[in-house]
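Please work through the following exercises on the structure shown here. Each task is followed by a solution in steps.

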Amino acid sequence: MINARRVLPPLLGGLFGAALLTPTDAQAHGIVGKADLPIPVWLFSWAAAIVLVVSFVALSTLWRTPQLQEPHSRRLLELPQPVEWLASVIGIGLFALVLYSGFAGAQVGTVNFSVTFVYVVFWVGLPVVSVLVGDVFGAFSPWRSCARALRWLLRLLRGGRSSGPALRYPAWLGNWPAVAGIIGFAWLELVYELSLRDRPSTVAALSLAYFLLMLAGMALFGIEEWDEQADGFRVYFKLLSKLAPISRGEHGALYLRRPLSGLANLETPPGTVVLICTLIGTTTFDGFSNGGIWRNNEPSVQSVFSDLGFRATAAGELTYSLGLVLCILLILAVYRAGVLGVHSVSARYDPGELTRTFAHTLVPIAFAYVLAHYFSLLLWQSQAMGYLISDPLGNGSNLFGTAGYEIDYHIISYAAIWYVQVAALLAGHVAGLMLAHDRALVLYKGDLQAAVRSQYWMLAVMVAFTSFGLWLLSSVGT
Amino acid sequence: MSGSPRAITTLIGHSRLPLALLAIAVGLLLTVGLDPNVLCLVPALALALVLLTRRYPGERMLIEVRTRSCRHRARPSSDRAARPRVLVILARGGKLIASSLAVRPPPPAAHPAR
């Protein structure tokens, strides 16, 4: 057995020392390089760590009773049924437009509605909307709406008789299909050959394939069961919507709740923790693959695959796939190490239980990573919808008179983007720390020492993710 | 308990893989590209180092502050409890009349006609 006192301090001390030996005259690169920041980038990371430590001290001394375990919600209003129908119609209409523009429009990503809509509005914009106003995708989901319409039609044809799903959704399957869906989309976005991934017909064909897959799953296992657990996008957006101060109840009722309290009752079926780590890991890889370290070393890994007999494209895709998987594993490893640290202070709960119990603390981090990495993309590229809505096919039409609209890249400065990124990362991790502290108060009731010590480990996880996130952002384009 | 050699051994036994992965990842970062921005990772590494040596700096202070403030909060209520209670019994005739009126309002004749 390895002796911790002998092995680990020198190991980590060596790494720490090596980090200190690197030149301190840091220069900002990539996006932040153009920002002309007054202080080196690494100093932001150190300041962020100090903010997290101060937050930890404040929480430990001032936050004495659990505040976020109950939603404390109050009813706001009730949405009439036609609003939900309207949302379904809009969702199906937009999906149809993605398919039509993808197949029939110009095969150039920048002038075709489908590509910008899927990669920017849907993939980056919808998470932000979900965090602000709650679970909206549930109402707009085209596959869910179509499946419901088909169910209604079948019931009508059978004279009001309804039949249940053919199969029961297996409990062990949990969120694993959703994990596969998210990894698949990330693979398409980050790994698949550039000329193909941005081709509108590819986006439309894959959207159609996903639509059919979802319909098949819903037909087999039931609409609600499949939708809530297996549809990757639905699970992802619903997860983020738990951060929102607004929640949806039965019969279209809207509730106002305490921010973050929606995460307290997060259900963790099999695959949930991996799903959240996948969300952070895919964003991590997006940042990492745009950095100097990856760009300098990726060709040598690619040549290994080429030597094994793979064609250049396949070798490139295998290299990027490897990077994607490693990034997800790294995030899982950091979280798992933190949980094992929590377990080491008290054996009251087993590591598996703790992994699930603290999983909700990663959700604000996942959103922080998404916002920090894609903020500029969302701000700039979403403006393209201004001209795409008038000319969705890219064939020169001008339906609403906005085809001449241009993207304003001066809408925000590079420095402002960097500050938003830092603020998003910091806010996400402080939120994670709050959730972890609140949960620890419940878990270690009556054992103050264990409660405090467990939070040292969660602090370490949060500092690690913050530092890593800032490092990734600072390395973009180096 | 928490600081026993057995607990440390268990921690290491369980966390060998994640730690190995972490060490490899960080080692790779440091060897393949000595980017000055790697300094961003120093706070995380420093904290990990401290915790892996089973040290929780400031822990005693945090617990003390919290316990002291809890005790400080509890004092006034305990003082109040020690004080003898003075029971004030008042004749609540008004309440009786009000409640009887609420159940059965007075007959209309009781109100002077305007």
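The exercises below concern a predicted model.

**Exercise 1. Helix packing**

Task: Determine how helix α13 and helix α15 of chain A pack, and which residues make the contact.

Solution. Two packed helices are described by the angle between their axes and the distance between the axes. Step one is to take these two values: α13(A), residues 272–288, and α15(A), residues 312–345, pack at an angle of about 125°, with their axes 8 Å apart. Step two is to classify the angle, and it makes α13(A) oblique to α15(A). Step three concerns handedness: the crossing of α13(A) past α15(A) is right-handed. Step four lists the contact. From α13(A) come Val274(A), Cys277(A), Thr278(A), Ile280(A), Gly281(A), Thr282(A), Thr284(A), Phe285(A) and Phe288(A), while α15(A) supplies Gly323(A), Leu324(A), Cys327(A), Ile328(A), Ile331(A), Leu332(A) and Tyr335(A). Sorted by class, the contact of α13(A) with α15(A) has 11 nonpolar and five polar residues, with no charged residues.

**Exercise 2. A sheet of chain A**

Task: Give the strand order of the open sheet of three strands in chain A, and describe its pairing.

Solution. Strands of a sheet pair through backbone hydrogen bonds, either parallel or antiparallel. Here the order is β1-β3-β2 (chain A), and the pairing is antiparallel. The edge strands are β1 (74–78) and β2 (246–248) of chain A, each of which pairs on one side only. On average, neighbouring strands of this sheet are turned by 30° against each other, direction ignored.

The next step is the pairing of β1(A) with β3(A), residues 253–256: the two strands run antiparallel and are joined by four bridges. Among the bridge partners, Leu77(A) is matched with Leu254(A) of β3(A), and Arg74(A) with Leu256(A) of β3(A). As to burial, β1(A) is hardly covered, since the count of buried residues among its five residues is zero.

**Exercise 3. The surroundings of Ala359(A)**

Task: Locate Ala359(A) and state which residues it contacts beyond its neighbours within four places in sequence.

Solution. Ala359(A) sits in the loop between α16 (351–357) and α17 (363–381) of chain A. Ala359(A) is buried because 21 other C-beta atoms lie within 10 Å, and the cut-off is 20 or more. With neighbours within four places left aside, the contacts of Ala359(A) are Leu266(A), Thr268(A), Thr272(A), Val273(A) and Ile276(A). Ala359(A) and Gly432(A) are 73 residues apart in sequence, and their C-alpha atoms are 9.8 Å apart in space.

**Exercise 4. Positive phi and burial**

Task: Compare the settings of Leu260(A) and Arg54(B).

Solution. Most residues other than glycine have a negative phi, and most peptide bonds are trans. Phi of Leu260(A) is nevertheless positive, near 80°, and phi of Arg54(B) is positive, near 65°. Leu260(A) lies in the loop between β3 and α13 of chain A, whereas Arg54(B) is in the loop between α2 and α3 (59–82) of chain B. The burial counts come next: Leu260(A) is buried, with 23 other C-beta atoms within 10 Å, while Arg54(B) is partly exposed, with 17.

**Exercise 5. Chain B**

Task: Summarise chain B and the burial of its helix α2.

Solution. Chain B has four helices and zero strands, and 21% of its 114 residues count as buried. In α2(B), residues 42–52, nine of the 11 residues are buried, so this helix is largely enclosed by the rest of the structure. The buried residues of α2(B) include Val42(B), Pro43(B), Leu47(B) and Leu52(B).

Methods: Residues numbered from 1 in each chain as written. Chains lettered and ligands numbered in written order. Predicted model: local features only at pLDDT ≥ 70, side-chain atom pairs only at ≥ 80, totals over all residues. Axes fitted to C-alpha atoms, helices over the stretch in contact; angles between N-to-C directions. Parallel < 35°, antiparallel > 145°, perpendicular 65-115°, else oblique. Left-handed = near helix turned anticlockwise from the far one by under 90°. Contact = placed C-beta atoms within 7 Å. Nonpolar A, V, L, I, M, F, W, Y, C, P; charged D, E, K, R; others polar. Pairing = 2+ DSSP bridges. Buried ≥ 20, exposed ≤ 12 C-beta atoms within 10 Å, placed from the backbone.
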